[in-house]
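Me: I am new to reading charged features in a protein model, and I would like to go through some of them with you. Could we begin with charge on the surface and then turn to charged pairs?

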Amino acid sequence: MKHHRYTVFFLLLVLGIICVSCANPRASSQTLEIGEEGEEMPEEMVWSVYDINAGGYAEASAVANEITEAYGTQIRMLPSSSGVGRMMPLYLGAADVGKIGDEFKFAFEATEEFFDLGWGPQDVRAIWAPISPFGLAVSEDSDIESIEDLEGMRVPHISGNTSVNIKTESMLAFGGLTLDDVDVVDFNDYGGQGQALIQDELDVASINPQAGGMFEADSLDGIRWLQMPASDEEGWEHVHDVASWFYPREIDDGAGMTDDNEILGHGYLMAAYADQDEEDMYAFTKAHVEQYENYEGATANMWTYHPDEVITNPAAIGVPFHEGSIRYLDEIGLWDEQKQEENDALIERQEDLQEAWTIVEEEAEEMNLSEDEHEEHWLERKEELVPEEF
């Protein structure tokens with residue numbers, strides 16, 4: 001069974017994205033040491049990140065700047081607005097780590113566009129896991145007051161970005177809606193949704209409230225956010241029917257916010273493949289904590305990078321943590337036997353998924369399935385062969 005694969009041209013295009021350097025020319029190559037035990041940061045790193053208008057890009061840049069300033073590590077950023085665009089450099093070994101959304105879970109499970117690529121389940125690991133906000137925004141003068149009111153309205157579908165689209169679908173589910181109940185508008189520019197909202201190209205934006213484009217939209221026309229109260233248990237059950245790894249989140253510092261807003265939260269990971277060097281990932285994890293006080297004020301969401309705020313239980317994000325990160329989490333008292341058991345179970349799940357992938361590939365070829373039939377067969381057999389434990 002042959003899957004659709006990206007052409008060599010596309011691979012080169014992904015790797016040829018304009019790179020923004022976070023290097024600090026004043027830093028000395030002799031300042032790589034990070035701790036008393038002689039551990040060192042890598043001399044150079046490449047990070048795969050969201051596009052420049054996104055909140056995640058600003059967060060990654062803030063951390064990168066402080067790491068470079070403190071240790072001299074030269075960091076190059078590869079921005080992309082699509083989940084595949086962010087995963088591809090990691091998959092090809094062109095990036096060391098990434099600021100990665102739900103595409104990481106999809107790659108781990110070989111679902112969505114990562115089934116289409118034919119990669120199979122990916123042996124990936126979490127490094128540091130802040131919780132990021134996400135919500136549905138409307139113009140301040142809109143008649144839309146709740147998610148239920150979005151029926152028949154123009155809702156964005158971000159091309160090539162299943163990580164965003166599954167959040168949109170989950171938030172609609174909170175209001176008892178599906179994509180069939182709204183007017184789905186294909187949209188290429190995730191960060192440009194604020195502009196599209198005020199230009200009346202969309203009725204709602206599905207985006208991080210702390211994205212730069214939303215502050216601009218609020219300054220021009222005013223925006224507000226549709227609420228997802230944690231107390232609405234039925235609504236959150238509907239959310240979890242779509243994606244189990246989302247949480248209620250309360251914030252007051254997003255674009256257009258003057259008081260507390262109850263919206264969606266999700267793990268927005270610094271992540272890598274399992275084969276990244278343990279010593280490098282240990283130092284990288286430690287750097288997040290050692291430099292926290294220097295980057296905490298860079299954006300409104302940086303407080304979620306504090307070790308008391310990040311997600312440290314693997315079951316909550318659905319992928320295991322890297323051994324280097326576990327070493328440091330254990331040193332600072334954020335790891336325990338229960339978390340290790342969860343991590344071991346997820347590593348075992350990855351091994352079982354890879355075995356199941358091989359079995360289903362052979363079955364699909366024997367059954368002469370079309371690509372759509374193959375995907376449906378994979379999803380069904382995956383549940384039979386590797387049922388989820390969490």
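Me: Which residues form the negative surface patch?
Reply: In this predicted model, the negative patch on the surface is made up of Glu-323, Asp-336, Glu-337, Glu-341, Asp-344, Glu-348, Glu-351, Glu-355 and Glu-389. Helix H13, which covers residues 337-367, supplies the largest share of the patch, namely six residues.

Me: Is a residue of helix H13 such as Asn-343 buried or exposed, and how does Glu-348 count?
Reply: Buried means under 20% relative accessible area, exposed over 50%, and partly exposed in between. Glu-348, which is found in helix H13, counts as partly exposed because its relative accessibility is 46%. Asn-343 lies in helix H13 too, but its relative accessibility is 0%, so Asn-343 counts as buried. Leaving aside neighbours within four places in sequence, Asn-343 is in contact with Pro-314, Pro-320, Phe-321, Ile-326 and Trp-335.

Me: How many salt bridges are found in the whole structure, and which residue forms one with Asp-200?
Reply: Side chains of opposite charge can pair when their charged atoms come close. A search of the whole structure finds 14 salt bridges. Asp-200 forms one with Arg-154, with the closest N and O atoms 2.7 Å apart. This pair links distant parts of the chain, since Asp-200 is in the loop between helix H7 and strand S9 while Arg-154 is in strand S7, 46 residues apart. Asp-203 also forms a salt bridge with Arg-154, at 2.9 Å between the closest N and O atoms.

Notes:
Residues numbered from 1 in each chain as written. Predicted model: local features only at pLDDT ≥ 70, side-chain atom pairs only at ≥ 80, totals over all residues. Heavy atoms only, no water. Patch = residues over 30% accessible without salt bridge, like charges linked within 9 Å, V, L, I, M, F, W, Y side chains within 5 Å. Areas by Shrake-Rupley, 256 points an atom, 1.4 Å probe, with all protein chains shown as cover. Salt bridge = Lys/Arg side-chain N within 4 Å of Asp/Glu carboxyl O. Lys, Arg positive; Asp, Glu negative; His and termini not counted. Charge placed at Lys NZ, Arg CZ, Asp CG, Glu CD. Helix = DSSP H or I, 4+ residues; strand = E, 2+ residues; numbered from the N terminus. Buried < 20%, exposed > 50% of the residue type's maximum accessible area, 1.4 Å probe, protein only. Contact = heavy atoms within 4.5 Å.
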